[in-house]
Amino acid sequence: MFKDLFQKKKYATVPSGSVHDDRPKREIPEGLMNKCPKCGSIQYHKELDKNLKVCTQCGYHLRLSARERIEMTLDEGRFFEYDADVVSADPLDFPEYKDKLEQQKAKSGLDEAVITGEGTIGGFPVVVAVMSFDFFTGSMGSATGEKITRAIETAMQKQYPLIIFSTSGGARMQESILSLMQMAKTSAALGKFHEAGGFYISVFTDPTMGGVSASFAMLGDIIIAEPGARVGFAGRLVIEQTIRQKLPEEFQTAEFNQKHGQIDLVVQRKDMKSTLAKLIDLHTVKGDVAHGE
């Protein structure tokens with residue numbers, strides 16, 4: 001009797017070549033679903049777009065392209081672009097740099113790591129510069145610095161508030177010292193803008209590192225960041241290996257920087273436009289933008 005209990009049972013099997021094998025496999029169309037980089041949840045692309053590319057499960061703010069940022073920030077997405085013809089060249093004849101620039105243009109749909117121009121936010125005219133991580137990781141080359149500098153000068157001339165959305169991996173190594181010079185160039189332009197009474201809001205998005213964080217991005221009259229945005233100069237691993245200490249888990253996040261006095265506000269993406277409009281309104285006196293101190 002006990003022997004019968006442990007006898008191998010036979011199960012029915014589906015013969016190979018049956019009708020079930022011929023059923024077409026359902027494939028998920030490319031671009032239909034997105035996986036959150038933080039929590040791993042799967043969400044419909046359309047639902048994610050409705051939520052401004054913020055994960056509905058954990059609140060993680062996914063990266064936006066410059067065009068997407070402009071569309072959701074400026075009134076009705078209306079935007080007059082500046083200096084679209086200012087693009088990166090190859091001043092140092094760096095190996096394969098020209099080919100990589102063409103690859104980046106094709107991949108990102110952009111001609112440079114920043115788009116500059118003007119529009120309105122809450123009815124207030126503004127000059128904006130919006131960086132995109134999609135193009136060469138938002139690295140700052142000569143053209144990037146030139147476009148931002150020209151935007152600053154235009155804001156000063158028109159007496160408009162200036163808003164710069166930053167995201168960058170740092171200076172562009174293929175342009176060497178010419179890239180590093182953009183840190184001083186943009187900072188000097190902002191110095192003149194400040195002296196002229198200009199109002200500048202700097203917005204950090206994920207990630208903002210290297211020379212960008214060490215120059216114009218940190219010079220705002222008011223500094224805002226999106227939740228969880230990584231902000232710093234050197235990368236976490238480089239710092240840990242240099243000081244031979246383990247850094248806090250939240251190190252270099254927007255919240256960590258706010259806690260330590262580097263950032264004024266951490267603002268949800270859904271509240272960014274209204275927050276910018278309120279700040280501009282507070283710094284506007286009789287139709288003119290007041291000094292941002």
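**View 1. Strand β4, mostly tucked away.** Seven of the eight residues in β4 are buried, so the rest of the structure largely encloses this strand. Keep in mind that this is a predicted model. On one side, β4 pairs with β3 in the antiparallel sense, over three bridges. Look for Y82, which stands opposite T116 in β4. β4 also pairs with β5, again in the antiparallel sense, and here there are eight bridges. One pair to pick out is G117 with its bridge partner V128 in β5. β4 and β5 form a hairpin with two residues between them. G122 sits in that turn and has a positive phi of about 60°.

**View 2. The whole sheet, from edge to edge.** Strands of a sheet pair through backbone hydrogen bonds, and they can do this in a parallel or an antiparallel way. Here, seven strands make up an open sheet with mixed pairing, and you can read them off in the order β3-β4-β5-β6-β7-β8-β9. Which strands stand at the edges? They are β3 (80-82) and β9 (265-266); each has a single partner strand, so one side of each is left without a neighbour in the sheet. At the β9 end, the pairing with β8 (residues 222-225) is parallel and runs over two bridges. There, I224 stands opposite L265 in β9. Now bring helix α5 (residues 142-158) into the picture: it packs on the sheet and touches β3, β4 (114-121), β5 (124-131) and β6 (162-168). The direction of α5 makes about 25° with that of β4.

**View 3. V127, a residue in strand β5.** Is V127 buried or exposed? Its relative accessibility is 0%, so V127 counts as buried. You'll find V127 in strand β5. Leaving out residues up to four places away in sequence, V127 touches Y82, G117, E118, A151, A155, Y160, P161, L162 and I163. V127 and F79 are 48 residues apart in sequence, and their C-alpha atoms are 9.7 Å apart in space.

**View 4. Helices α5 and α6, side by side.** α5 and helix α6 (residues 176-195) pack at an angle of about 5°, and their axes are 9 Å apart. That angle is why α5 is called roughly parallel to α6. From α5, the contact uses S142, G145, E146, I148, T149, I152, A155 and M156. From α6, it uses L178, Q182, K185, T186, A189, L190, K192 and F193. Sorted by type, the residues of this contact are eight nonpolar, five polar and three charged.

**View 5. Helices α3 and α10, meeting at a slant.** How are α3 (residues 66-73) and α10 (residues 269-282) arranged, and at what angle do they pack? The angle is about 60°, with the axes 10 Å apart. That makes α3 oblique to α10. In α3, the residues to look for are R69, M72 and T73, and they meet R269, K273 and L276 in α10. The residues of this contact divide into two nonpolar, one polar and three charged.

**View 6. L110, buried in a loop.** L110 lies in the loop between α4 (97-108) and β4. Being in a loop doesn't put L110 out in the open: its relative accessibility is 6%, so L110 counts as buried. Not counting residues up to four places away in sequence, L110 touches R67, K105, I115, S132 and F135. A84 is 26 residues from L110 along the chain, and the C-alpha atoms of the two are separated by 9.8 Å.

**View 7. Four cysteines at one spot.** UniProt, in an unreviewed entry, lists C36, C39, C55 and C58 under "binding site". They span 23 residues in sequence, yet no two of their C-alpha atoms are more than 8.7 Å apart, so they gather at one spot. C39 is in the loop between β1 (33-35) and β2 (42-44), while C55 is in the loop between α2 (45-50) and α3. C39 counts as partly exposed, at 39% relative accessibility. C55 is buried, with a relative accessible area of 3%. Setting aside neighbours within four places in sequence, C39 is in contact with C55, Q57 and C58. Setting aside the same kind of neighbours, C55 is in contact with C36, C39, S41, Q43, L48, Y60 and L62.

Note on methods. Residues are numbered from 1 along each chain as its sequence is written. This is a predicted model: local features need pLDDT of at least 70, side-chain atom pairs count only at pLDDT 80 or more; totals for chains, interfaces and linings use all residues. Side-chain values use heavy atoms; hydrogens and water are left out. Axes are lines fitted to C-alpha atoms, for helices over the stretch in contact, and angles run from 0 to 180 degrees between N-to-C directions. Helices (H or I, at least four residues) and strands (E, at least two) are DSSP runs, numbered from the N terminus. Angles under 35 degrees count as roughly parallel, over 145 as roughly antiparallel, 65 to 115 as roughly perpendicular and the rest as oblique. Contact means heavy atoms within 4.5 Å. Ala, Val, Leu, Ile, Met, Phe, Trp, Tyr, Cys and Pro count as nonpolar, Asp, Glu, Lys and Arg as charged, and the others, Gly among them, as polar. Two strands pair if DSSP finds at least two bridges between them. Buried means under 20% relative accessible area, exposed over 50%, partly exposed in between (1.4 Å probe, protein chains only). UniProt positions are given in the numbering used here, feature names are shortened, and annotations may be inferred rather than shown by experiment.
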